[in-house]
Amino acid sequence: MGSIKDKVAVIGVGATKFGEIWEKDAEDLLVDAAYEALDDAGLTPKDIEAAWVGVLYNFTGISGSTAAEPLKLFGKPTTRVENFCASGMDAFRNACYGVASGVYDIVLACGVEKLMDTGSAGLPTSDFGHPVMGGVSAPGMFALAATRCFHEWGWTKEDLARVAVKNHKNGVAHPKAHFRRAITIEDALNAPMIAWPLGRFDCCAMSDGAAAIIITRPEIAKATKHKDDYVLVKASALALATVMPMYKGSFDYLGFPATRMAASLAYQEAGIKDPAKEISFAEVHDCFTITELLNIQDLGFVEPPGAAEFVRDGRANVEEGDIPVNPSGGLKCFGHPIGATGCRMIYELTKQIQGRADGNQVKNPRLGLAHNLGGPASVCSVTILGPRD
Amino acid sequence: MADIASFGAYVPLFRLARKDMGEAWDIPAVPGERAVANVDEDSITMAVAAASDCLQGIDPASIDAVHFATTTAPYHEKQCAPIIASALDLRRDISTADFTDSIRAATTALRAAADAVTSGSAKRVLVVAADARLGEPETPWEQMLGDGAGAVLVTDKGAATMHGFFSLAGDHLGPWRRAEDRFLRSFEARVETQYGYAANTVEAAKTMLQREGVAAGDIARAVITGMDPRSHGGVARTLGIDPAKLQDTLFFSVGHPGAAQVLMMLAGALEASSPGDKLLVTNYGDGSDALLIDVNKAFPAAPGRRSINGYLALKQTLPHYTGYLARRKLVEHEEPPMRSSEVIYWRDARQELNFHGARCTKCGTVQYPIPRVCTECGTKDELEEVKLGKSGSIYTFTLDHLYLGMYLNVPIPRVVVDLEGGGRVFLEMTDCDPQGVKVGMPVELTFRRLHEGSEFHNYYWKCRPLPQAA
């Protein structure tokens, strides 16, 4: 198998504010994000040769038209990518291959979701799946892991709450985050239950938003606005595990195989031998607090069951942490308009490495890792970015 | 002549004190308590529970026919018996029939079963009855009625022999329900009781006993169904039956369980019987049925069978009348529309209703739902369909407050169960306090109505706590 390492450069990034944006539709959000990215790259829509757009829900958009229509990218190959919560990052991954193959020079990868258009009462799940088998809410899917981790390792609701408190604190600093209010452990523990043991502050809320990334090959990047500080793609991996883990007798619910497999592929592609030492910071998929804790282990930052302690000891904090996790506030605070999230993470990683983060700035960032985990932990995407040589 | 080889019963977990029902409306309360079917139960699901109880230790493939009796069929057009048959994993080449529209339907079904076995058109007929009738709120009827199910297995060779079937047809008296009525109706209860129930029961019983040459004193146990305790006592006195020999009508513990009454009472009588006992059975409703049952041998032990006494002991008292209103859907709630698919539901019926999984013949892994390619070893198309176990333990769970865009105050426990005999399934848990769910808890599976997606009854399995041995 080959490698994407150092074959793709990020030359422009854009993202809207994430939140309850009732008055804007998908067209508004994509135009805002894409033009911000184009301005960042010093380019215009005419320069885009191909586009990939990540969208989960049909009510946000169907087909490549989701991006082609708002941006009037007619006559260009534009593809909608859907892969649960990894949709946006998988759009980026596919876009990378378009560029690395040499077929397209300047490519747009973007993502958008208008979750609030179905109301704020939780992700619509009734359109998925079987008449009678396997129904469960999104929080419920991940709560199953929390229950088992409590049982096996003695993790507690306090351990989960610490993740929420950290990410809320980070969100306060980020002007584009959905939630910018600090919370306490007490707030988290006293919040209404959503899917035991996950309460309201253990769950990322519903948000609208869009993000866009312009990519090219490094030799072309050297002639653009960010010629001195374009960011290189070191790895972009995707791996799937079963979409029915609750029916798999050998699954232990103490971590997610999709993440371990995607991380392994990404580290191999990037030539990383010791992620805990080589990864400077990470934006990981904290759809729920339990997921962030398991991500920290599954990504190899600490051996199980050390994630609770890792967070408790401040090792994931921006200021003093070994590996700042979710310096932007994560899905929890930044928000999770599903199709947009992967690209938003690429946006964040890029600006962090370039030293121009909108919110908290990670000190001396080298390699940044972005991680998404979608469905019942069945699809995982891991992208690693690093500074240019 | 046809025999009875086994029996079973089912009473829903929840009970409500009649005192609480009376207080809710500030009307007098009848003594005792009544059984309340849960919101996910109906006559079909309760019938499956009673029939399973009856078939403990019996190979379902040995059953040739299902006769189902009820006055509360969940469909006006769609036969219930085949749904019950699938849930019990019976063969397909069987005869099925629903007997409906009368309290008497269960003994009509019993007589038809006996005739089938006697004529040789079937060897083993499952007769099951279930009812969940509704009495109008703010009346004594809602206190008096109760929900439940009973079953017997009629065969050509069993521990007890039925004989003397005698029937009287139609008394043209109530109580009744028209097709468009939700609640039981009555015009003049005293006429209905005296000239309908009592007169017919007495005439049928006396005529039958005389033809069979049996006297009241010969009866060891009398299964006499009744509308209410007083008229029941009156009929027994008229027939000269010693009160000590009367089988408990379940008025004070379950309520009147409609068509299921006779079989639930019979299950109790057969369980308590000894070889040599002669049982009298009478039933009423648009006429009357009477028969005799001679107990020839002791019934074989069936360790898993709870029967009426076992289920009566499994109870949880509702704290308030509103628990009854909610469970019996007497209060209107906005239900968000739900989509299902008749096509998918039918295609996957053996996995959903018969609860079959598959075992990979290469690596031995039992898995569910049934895949083409083994989940563990990746071998294609080398799996054999297998029955899955109906009990297991909880590997992990959540208490889910989110459902169809609604926030539920009482969460739905969603449970990952490792089944006895292999296989892991993901089910809703019912009949439990969500706060009591624990990892490692033993559970048993129960057949329930899940939802009304696309406006048909979507049945499936849930789990409930396995009662601990006393």
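# Exercises on a predicted two-chain model

Chain A has 389 residues, for which a compact globule would have a radius of gyration near 21 Å, and its value of 19 Å agrees with this; the radius is taken over C-alpha atoms, and the globule rule is 2.2 Å times the number of residues to the power 0.38. This is a predicted model, in which local features need pLDDT of at least 70 and side-chain atom pairs count only at pLDDT 80 or more, while totals for chains, interfaces and linings use all residues. Residues are numbered from 1 along each chain as its sequence is written, and chains are lettered from A and ligands numbered from 1 in the order in which they are written.

## Exercise 1: chain A as a whole

Describe the extent, burial and contacts of chain A.

Solution. Begin with the outline: along the principal axes, the C-alpha atoms of chain A fill a box of roughly 55 × 45 × 40 Å. Next, count the elements, where helices (H or I, at least four residues) and strands (E, at least two) are DSSP runs numbered from the N terminus; chain A holds 13 helices and 11 strands. Then turn to burial, where a residue is buried if 20 or more other C-beta atoms, placed from the backbone, lie within 10 Å of its own, exposed if 12 or fewer do, and partly exposed in between; by this rule 63% of the 389 residues of chain A are buried. Finally, take contacts, defined by C-beta atoms within 7 Å: among those in chain A between residues at least 6 apart in sequence, 78% join residues at least 24 apart.

## Exercise 2: the two domains of chain A

State which segments form the domains of chain A, and work out the make-up of the domain 1 side of their contact.

Solution. Domain bounds come from an automatic or database domain assignment, and for chain A this gives domain 1 (9–118 + 207–221) and domain 2 (138–203 + 231–387). Their centres, taken over C-alpha atoms, are separated by 23 Å, and the contact draws on 38 residues from domain 1 of chain A and 37 residues from domain 2 of chain A. On the domain 1 side, β1 (9–15), α3 (87–100), β4 (107–114) and β7 (208–216) of chain A each supply at least two residues, with α3(A) giving the most, 8 residues. To classify this side, count Ala, Val, Leu, Ile, Met, Phe, Trp, Tyr, Cys and Pro as nonpolar, Asp, Glu, Lys and Arg as charged, and the others, Gly among them, as polar; the result is 23 nonpolar, 10 polar and 5 charged residues.

## Exercise 3: where chain A meets chain B

Identify the elements of chain A that touch chain B, and find the strand pairing that links the chains.

Solution. The contact takes 30 residues from chain A and 35 residues from chain B. On the chain A side, the elements that give two or more residues are α4 (138–153) and β5 (193–196), and α4(A) provides the largest share, 7 residues. This side divides into 16 nonpolar, 12 polar and 2 charged residues. For the pairing, which requires that DSSP finds at least two bridges between two strands, β5(A) and strand β16 (residues 391–403) of chain B run antiparallel over 2 bridges. Within β16(B), Asp400(B) stands opposite Ala195(A).

## Exercise 4: the largest core and Val128(B)

Explain why Val128(B) counts as buried, and place it in the largest nonpolar core.

Solution. Val128(B) lies in strand β6 (residues 124–131) of chain B, and it counts as buried because it has 36 C-beta neighbours inside 10 Å. A nonpolar core is a set of buried Ala, Val, Leu, Ile, Met, Phe, Trp, Tyr and Cys residues joined through C-beta atoms within 7 Å; the largest has 277 residues, and those with the most contacts inside it include Val128(B), Ala50(B) and Cys110(A). Helix α4 (residues 105–119) of chain B gives the most to this core, with 9 residues. Leaving aside neighbours within four places in sequence, the contacts of Val128(B) include Ala50(B), Phe68(B), Ile84(B) and Ala149(B), while under the same exclusion those of Cys110(A) include Leu30(A), Val53(A), Ile213(A) and Cys343(A). As a last step, note that Val128(B) and Phe7(B) are 121 residues apart along the chain, yet their C-alpha atoms are separated by 9.4 Å.

Terms used:
Two residues are in contact if their C-beta atoms, placed from the backbone, lie within 7 Å.
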